[in-house]
Amino acid sequence: MSTIHILFGTESGNAEMVADDIAAALQGRGFETEIAELSEDVAADLADMELAVFVTSTYGEGDLPESAAPFYETLLAERPDLSGLSFGAFGLGDSVYETFNNGIDTLRGALSGLGARQIGETAKHDAASGDLASNLASSWAATLLDLVPA
Ligand SMILES: Cc1cc2nc3c(=O)[nH]c(=O)nc-3n(C[C@H](O)[C@H](O)[C@H](O)COP(=O)(O)O)c2cc1C
């Protein structure tokens, strides 16, 4: 069974927490997981991954978190062939902003443009809803599990 890579971009830690919750849900169903923060090194390794879950918040004017910028810029510059990659997408944002959850959509667009295939629906947590991101992470991961090849 392939390892599921859980790759997060965060400014204040919420996306990392969600990455942990998703890993726990996947491990509970027998999958192996590896968690890493989005970085230049992760971008270089992406073409060798088969299954990944991207978790990122949105900052600034609808941007990815600052720490995820080198990942994104490397993708755009190197343009790796991601046709072997299937991915799930989980965004964190706040609907008080016009650019609600823009970050995960930016990432999805880049990944799809390089040939990666999205599985499942994009989850979008809204901090203004008052719902715990952990709850959405666990229920979303359960729906993703049905789509992941065993
Ligand atoms: C300064 C600032 C700017 C933000 N900008 C946006 C935004 O443009 N769009 C959005 O959907 N959420 C925005 N948010 C909300 C965060 O994405 C949300 O709080 C998220 O849970 C933070 O997750 P993190 O701790 O993983 O970074 C912003 C939050 C802050 C503090």
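This text leads from a central strand and its neighbours to the surroundings of the ligand. The structure is a predicted model.

Strand E1, residues 4–9, offers a suitable starting point. Of its 6 residues, 6 are buried, so the strand is largely enclosed by the rest of the structure. A residue counts here as buried if 20 or more other C-beta atoms lie within 10 Å of its own. In a regular strand, side chains alternate between the two faces of the sheet. Both faces of E1 are covered: Ile4, Ile6 and Phe8 are buried on one side, and His5, Leu7 and Gly9 are buried on the other.

The pairing of E1 may be considered next. With strand E2, residues 33–37, E1 pairs in the parallel sense over 5 bridges. Within this pairing, isoleucine 4 stands opposite threonine 33 of E2. Between these two strands the chain passes through helix H1, and the resulting β-α-β crossover from E1 to E2 is right-handed. E1 also runs parallel to strand E3, residues 51–57, to which 6 bridges join it. Glycine 9 has threonine 56 of E3 as its bridge partner.

The ligand remains to be described. There are 20 residues around the ligand, and those that come nearest are Thr10, Asn14, Ala15, Ser57 and Gly93. Two elements, helix H1 (14–28) and strand E4 (86–93), give two or more residues to this shell. By character, the residues of the shell divide into 11 polar, 7 nonpolar and 2 charged. Helix H1 thus appears in both parts of this account: it lies on the path of the chain from E1 to E2, and it contributes to the shell around the ligand.

Methods:
Residues numbered from 1 in each chain as written. Predicted model: local features only at pLDDT ≥ 70, side-chain atom pairs only at ≥ 80, totals over all residues. Near = placed C-beta within 6 Å. Helix = DSSP H or I, 4+ residues; strand = E, 2+ residues; numbered from the N terminus. Nonpolar A, V, L, I, M, F, W, Y, C, P; charged D, E, K, R; others polar. Buried ≥ 20, exposed ≤ 12 C-beta atoms within 10 Å, placed from the backbone. Pairing = 2+ DSSP bridges. Right-handed = clockwise from strand over helix to strand, strands pointing away.
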